[in-house]
Amino acid sequence: MTNNLNGAAAHIWKPYASAKNPPSTFNVSRSSGMTVVLDDGVEALDGISSWWCASHGHAPKTVVDAIRQQALKLPHVMFAGLSHEPAEALTQTLLKVLPPGLDKIFYADSGSVAVECALKMAIQYQRAVGRPERNRIAALKGGYHGDTIGAMSVSDPDGMHAMFQGLLPRQYFAPQPQCRFGQPWDENDFDAMNALLDERGSELAAVIVEPIFQGANAMYFYHPEYLRRLREECNKRGILLIFDEIATGFGRTGELWAQNYAGAKPDIMCIGKALTAGTITLAAAVASSTVADAILAFMHGPTFMANPLACAAAKAAVELLDCYDWRGNVKRIESELKAGLEPFRAIPNVRDVRVLGAVGVLEVKQLPCPDFVMKTVRETGVWLRPYGKFVYTMPPFIASTDDVRRIVAAMGVLADV
Ligand SMILES: *Cc1c(COP(=O)(O)O)cnc(C)c1O
């Protein structure tokens, strides 16, 4: 299993893991389309798109070619004082798919950094318009916005970052919306957020939320009307609204942007994950002109900002949206996930079943143990990584009916413990 070349594995610190007792892992030698090839030769379907970023499958040819071509010309150059064609071409491409009005793009090197940038933009904007006392952020319980300090400060305070509370700037939290996607709207559901905005509005630079789908910390879908109400109330109070579409963007929930379900637009939006179709790290904080134009000089500048390889990859990745009927695929995957996962409500360990777009979630009482997960991955040939309370899938949009059937079956095995 763990490929322990010259004992290297003992010195590699894995995510969310112990360095002393490293978890066992599969080594992946190759990937393409739906498939990752594990070290013992097993070809496994990637049921979670490699942390949700390989939305069009692994190693799409046009994206890999774009990186290769770009590497021969200009792998990197600093972005202050200099610019380059890949960044300009990507910007033109993104402007065609971004919600109209969101058109000032600040490239960042990961999703968490894009969130940091969005928060800093909000603070700088409020200072610029003469409200420097507005230096706090409001967010939702159950939210997740990344693992850096600022991003952790606006993520669920009781979630995976609870131990860092002493380090984090204090922000304000409204309860998780209770009214689910697809249920009738209940106006009371917005009361707590409304009260928070009333009470703390004069301290708030912005509200940040994951629109419609709370990912890593909650795997939960809430009602679009919540976002419409939030937009309205932020407008009234001069509070900026930030949508973190890092997980939801580029079609994952069935709409290109999850905010489209609500028809509500943010002042700043974060994108990442599927932006480069799972090939190389890139993210962005995208602002409206109103926000961007007020800021004299935005005080952020990553070393690898707008890396040309990443920009070339992202342009080719975004263009893939025009190359096949991803929307039709996601609709089909959604109905297959619904049909396949609903019967698992009968499994005693399954507490809830939730599906929207190409996201399928089994909330479980008890998580399968890591050894059982490894064994199931090898036996079913489906790569899944349950965590917290969730056995879930976010398959690439190119998943066939048979792929979805196999993923659903593997989820059933993992949930039935
Ligand atoms: C993954 C994620 C992030 C963080 O992105 P990284 O690239 O891992 O830093 C932020 N917000 C949301 C909603 C995410 O799903």
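**Entry 1. Glycine 215**

I began with glycine 215 and looked up its partners: leaving out residues up to four places away in sequence, glycine 215 touches Trp52, Glu210 and Tyr387. I note here that the model is a predicted one. Next I asked where glycine 215 sits in the chain, and found it in the loop between strand E8 (213-214) and strand E9 (220-221). Is glycine 215 buried or exposed? I recorded it as buried, because its relative accessibility is 0%. I also looked up a pair of C-alpha atoms: those of glycine 215 and tyrosine 144 are separated by 6.6 Å, although the two residues are 71 residues apart along the chain.

**Entry 2. The chain as a whole**

I then turned to the overall build. I found 12 helices and 16 strands in the protein chain. How does the radius of gyration of the protein chain stand beside that of a compact globule? For 417 residues a compact globule would have a value near 22 Å, and the protein chain has 21 Å, so I wrote down that the two agree. Along the principal axes, the C-alpha atoms fill a box of roughly 60 × 55 × 45 Å.

I looked up burial next: of the 417 residues, 55% are buried. For the surface I noted about 17700 Å² of accessible area, with 55% of it belonging to carbon and sulfur atoms. I also looked at contacts between residues at least 6 apart in sequence, and 72% of these join residues at least 24 apart. Finally I recorded the charges, 40 positive and 43 negative, whose mean positions are 2 Å apart.

**Entry 3. Cysteines**

How many disulfides does the structure hold? I found 0. I then asked why cysteine 53 has no bonded partner. The closest cysteine sulfur to that of cysteine 53 belongs to cysteine 311 and is 17 Å away, which is too far for a bond; a disulfide needs the sulfur atoms within 2.5 Å. The same check on cysteine 323 gave cysteine 53 as the holder of the closest cysteine sulfur, at 19 Å, again too far for a bond.

I compared their surroundings as well. Cysteine 53 is buried, because its relative accessible area is 15% and the limit for buried is under 20%. Cysteine 323 counts as exposed, because its relative accessibility is 57%.

**Entry 4. Positive phi values**

I looked up two backbone angles. Most residues other than glycine have a negative phi. Tyrosine 16 has a positive phi, near 50°, and alanine 277 has a positive phi near 55°.

Where do these two residues lie? Tyrosine 16 is in the segment before strand E1 (28-32), while alanine 277 is in the loop between strand E11 (268-271) and strand E12 (283-288). I noted that tyrosine 16 is exposed, because its relative accessible area is 53%. Alanine 277 is buried, because its value is 1%.

**Entry 5. Helix H4**

I looked up two residues of helix H4, which covers residues 111-128. Glutamine 124 lies in this helix, and I recorded it as buried because its relative accessible area is 18%. Which residues does glutamine 124 contact, leaving aside neighbours within four places in sequence? I found Ile295, Ala297, Phe298 and Met299.

Glycine 111 is also in helix H4. With the same neighbours left aside, glycine 111 is in contact with Ile246 and Ala283. I checked its distance to glutamate 43 too: the two are 68 residues apart in sequence and 29 Å apart in space, C-alpha to C-alpha.

**Entry 6. Threonine 376 and leucine 320**

Threonine 376 lies in helix H11 (residues 370-380). I noted that it is buried, because its relative accessible area is 4%. Beyond its neighbours within four places in sequence, threonine 376 is in contact with Gly381, Ala410, Val413 and Leu414.

I closed with leucine 320, in the loop between helix H9 (308-319) and helix H10 (326-341). Leucine 320 counts as buried, because its relative accessibility is 13%. Not counting residues up to four places away in sequence, leucine 320 touches His56, Pro60, Thr62 and Val63. For histidine 56 I looked up the C-alpha separation from leucine 320: it is 7.8 Å, with their positions 264 residues apart along the chain.

Terms used. Residues are numbered from 1 along each chain as its sequence is written. This is a predicted model: local features need pLDDT of at least 70, side-chain atom pairs count only at pLDDT 80 or more; totals for chains, interfaces and linings use all residues. Side-chain values use heavy atoms; hydrogens and water are left out. Helices (H or I, at least four residues) and strands (E, at least two) are DSSP runs, numbered from the N terminus. Buried means under 20% relative accessible area, exposed over 50%, partly exposed in between (1.4 Å probe, protein chains only). Contact means heavy atoms within 4.5 Å. The radius of gyration is taken over C-alpha atoms; the globule rule is 2.2 Å times the number of residues to the power 0.38. Accessible areas come from the Shrake-Rupley method with a 1.4 Å probe; for residues, only the protein chains shown count as cover. Lys and Arg count as positive and Asp and Glu as negative; His and the chain ends are not counted. The place of a charge is taken as NZ of Lys, CZ of Arg, CG of Asp or CD of Glu.
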